[in-house]
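Before reading on, please open the sequence and the coordinates side by side. The paragraphs below are meant to be followed with both in view.

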Amino acid sequence: HQAVGKYTAMSTSDRYESKGYRTARRAYILECAFEYFIRLLVSDSFLALLLSSLGFSEAAVGVISSLISLSFLFQMLTVVVLRRVRHVRRFAVVCHVAGDLFFMSLYLIPLFMTPGTLRNIVAVFCIPAAYFGNYIVTTVVYRWGNSFVEPGRRALFSSTKEMVSLLSGILVTLMGGYCLNRFSDAGKEETWFMTAAAAILVFTVCDLICLLLMKGGRDEREEPASPTPLSVVLKQTFGRKEYRSTLVLASLWSMAACTTTGFMGTYKNLLFSFSAVQIINACAFLACFAAERPLGRFSDKHSYAKGLHLGLILAGAAFLCNAFASPGTSWPLIPYAILLSVSGAGISENMIRLSYQFVDIRWFSEAEAIKNSVSGLLGFSASLLAGRLLSFIQANGNSLFGIPCHGQQVLSVISLILTVTAVVYNKLVIQKQTIIQQ
C-alpha cells in the first residue's frame, strides 16, 4: 500500500515510527478507552436499572439490551455510504459524537419527560439511534486507527489498547456503582441520572479530541466519490467461500451471546447487591486485563482463528457456570462473569481480524459491515425468542416442564450449545482455510 501525504517519501518502518503515527496510536488507544467508558454506563446493570426505573419488565429489559446486536444492521449502510462519502474522517467524527450524545440523552429522559408511553418510546429509540451513529462508522474508525500500526504487531497493539480500556474501565465501574448506591440510598435517584449524563458528556468531548488527534493514516485521504456497484461488493465478499465461513462463525457466536447476556443485568441484581455486582465486574475486568497481552501474543504467533478458538472455549465454560447460578446458589455467577470477560480478549478483536485474513483489505469495511449486520440480525432474533422463553418460564412460577429453574439458567444452556457448535466449526472449517497475506 502506498503511503500518503507527507509520509510518501518515508520507508514503511520510518512511517510507523514517525512522531505523527506514534501520537495517532496513543490517541486511538485513549479514544477507545473513552468510548468504552460510555458503553459501561449504558450497559449491563446500569442500563437494567435505568430501564427498570422507566417501567420496563425483566424480559423487555433483556430484549432492549440486545438492541446492540440489531444495531449492527446499520453497518449495512456502510456498503452504500462509504464509497460515496468524500470527507471520510469528518463523516466518522460527526457520526461518532452524535451517537455518544444519544447515549447521554438516555439518562436525561427520566429527568425531563413525564412517565408514560411516549417516554418509553423515546428511550427505545435512543438506543438504536446511538448505536447507529457509532456502528455506521465502526469499520471506518477501526481501519483508520489500525493504519497507524505495523501489520505484524496489530494483535499485540489491540491487546494493549484493550488493557488500557479495561484497567481504567474498572475505576469508572466502581465509581459509577458507588455514586449510584449513594444517591439511591439517599432517595436521590434523579441526581444519579444527572451525574451519569454529565460523565458521558465529558467522555464524549475527550473522545472527540482523540479523534481529531488521529492525523494521517489510510482513511484521512479525501478522494473523489467513486461508488462501487453492489454486485462487485458482493462478489468480493460473498463470492469468497472463506468469507462465508467467517459469517457463519460470527452468527453462531452472536446468537450464543445474545441468548443470555442481554438478560443478565436484572438477574445479577437479583442474586447480588448492586455494589457486589460492580465488584464482581471489576474482578472480571482485571482478569481480562491480565489475559489480553498473552492472548494477543498467542494470536500473533499462531493465528487469529486459534486465538478465537481459546476465547470460545472460555465463553462456553462461562455459560456452563451460569447454568448453575440461582438465588439459592449465587456463587457460579462469579466464574461466569470472569470467564466471559476473559473470553472477550480472544473473541472480539480476533473475530474482526478474520476479515483481514480472508478478504482483500480494499473490501474490509464492506465485509465487516455485512458480517456484523447478518450476525447481528440473527443475534437479535435469538434474543427475541429468548425473551419469550424467559417470560414463559416466569409465568409458570420459574419452572420448565415441571422442573424448578430460572429463565437465565435455561438460556445459558442454549448459549452453551451454540458456543460448542462454534468451537467445532472454527476447528474443522476456519482453521483449515488459506490466509491472504496483506
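What follows moves from the whole chain to pairs of helices and then to single residues.

The model shown here is a predicted one, and its protein chain holds 19 helices and 2 strands. Of the 438 residues in the protein chain, 54% are buried. Among the contacts between residues at least 6 apart in sequence, 85% join residues that are at least 24 apart. One helix that illustrates the burial is H9, which spans residues 138-146 and is mostly covered, since 8 of its 9 residues are buried. The buried residues of H9 are Thr139, Val140, Val141, Tyr142, Arg143, Trp144, Gly145 and Asn146, a set that can be picked out directly in the sequence.

The next step is to look at how helices are placed against one another. Two packed helices are described by the angle between their axes and by the distance between those axes. For helix H2 (residues 19-41) and helix H7 (residues 88-112), the angle is about 25° and the axes are 10 Å apart. Angles under 35 degrees count as roughly parallel, and H2 and H7 are therefore roughly parallel to each other, with a left-handed crossing. On the H2 side the residues that meet H7 are Glu31, Glu35, Ile38, Arg39 and Leu41, while H7 contributes His96, Asp100, Phe103 and Tyr107. Sorted by class, this contact of H2 with H7 has 4 nonpolar, 1 polar and 4 charged residues.

How are helices H10 and H11 oriented towards each other? The axes of H10 (residues 154-185) and H11 (residues 189-213) come within 7 Å and cross at roughly 155°; because angles over 145 degrees count as roughly antiparallel, that is the description which applies to H10 and H11. Their crossing is right-handed. Val172, Gly176, Cys179, Leu180, Phe183 and Ser184 of H10 meet Glu189, Thr191, Trp192, Thr195 and Phe203 of H11, and by class the contact of H10 with H11 has 6 nonpolar, 4 polar and 1 charged residues.

A further pair is formed by helix H17 (residues 333-358) and helix H18 (residues 364-395), which pack at an angle of about 135° with their axes 9 Å apart. That angle makes H17 oblique to H18, and the crossing of these two helices is right-handed. The contact is built from Met351, Ile352, Ser355 and Tyr356 of H17 together with Phe364, Glu368 and Lys371 of H18, which by class gives 4 nonpolar, 1 polar and 2 charged residues.

H17 also holds asparagine 350, and this residue opens the part of the tour that concerns single positions. Is asparagine 350 buried or exposed? Its relative accessibility is 0%, so asparagine 350 counts as buried. Beyond its neighbours within four places in sequence, asparagine 350 is in contact with Ser299, Tyr304, Gly307 and Leu308.

Threonine 259 belongs to helix H13 (residues 241-260) and is likewise buried, with a relative accessible area of 4%. The side chain of threonine 259 reaches the backbone oxygen of methionine 255 at 2.6 Å. Apart from its neighbours within four places in sequence, threonine 259 is in contact with Ala382, Ala386, Leu411, Ile414, Ser415 and Leu418.

In the segment after helix H19 (407-428) lies glutamine 431, which counts as partly exposed because its relative accessibility is 23%. Glutamine 431 and histidine 309 are 122 residues apart in sequence, yet their C-alpha atoms are 9.2 Å apart in space. When residues up to four places away in sequence are not counted, glutamine 431 touches Ala305, Lys306, His309 and Asn426.

The tour ends with two loop residues and their backbone angles. Most residues other than glycine have a negative phi. Asparagine 398, found in the loop between H18 and strand E1 (399-400), has a positive phi near 55°, and at 28% relative accessibility it counts as partly exposed. Phenylalanine 401 has its place in the loop between E1 and strand E2 (403-404), and its phi is near 55°, a positive value in a residue other than glycine. With a relative accessible area of 77%, phenylalanine 401 is exposed.

Notes: Residues are numbered from 1 along each chain as its sequence is written. This is a predicted model: local features need pLDDT of at least 70, side-chain atom pairs count only at pLDDT 80 or more; totals for chains, interfaces and linings use all residues. Side-chain values use heavy atoms; hydrogens and water are left out. Helices (H or I, at least four residues) and strands (E, at least two) are DSSP runs, numbered from the N terminus. Buried means under 20% relative accessible area, exposed over 50%, partly exposed in between (1.4 Å probe, protein chains only). A polar contact is a pair of N or O atoms within 3.5 Å; within protein, one must be able to donate a hydrogen and the other to accept it, and residues adjacent in sequence count only if both atoms are side-chain atoms. Contact means heavy atoms within 4.5 Å. Axes are lines fitted to C-alpha atoms, for helices over the stretch in contact, and angles run from 0 to 180 degrees between N-to-C directions. Angles under 35 degrees count as roughly parallel, over 145 as roughly antiparallel, 65 to 115 as roughly perpendicular and the rest as oblique. A crossing is left-handed if the near helix is turned anticlockwise from the far one by less than a right angle, and right-handed if clockwise. Ala, Val, Leu, Ile, Met, Phe, Trp, Tyr, Cys and Pro count as nonpolar, Asp, Glu, Lys and Arg as charged, and the others, Gly among them, as polar.
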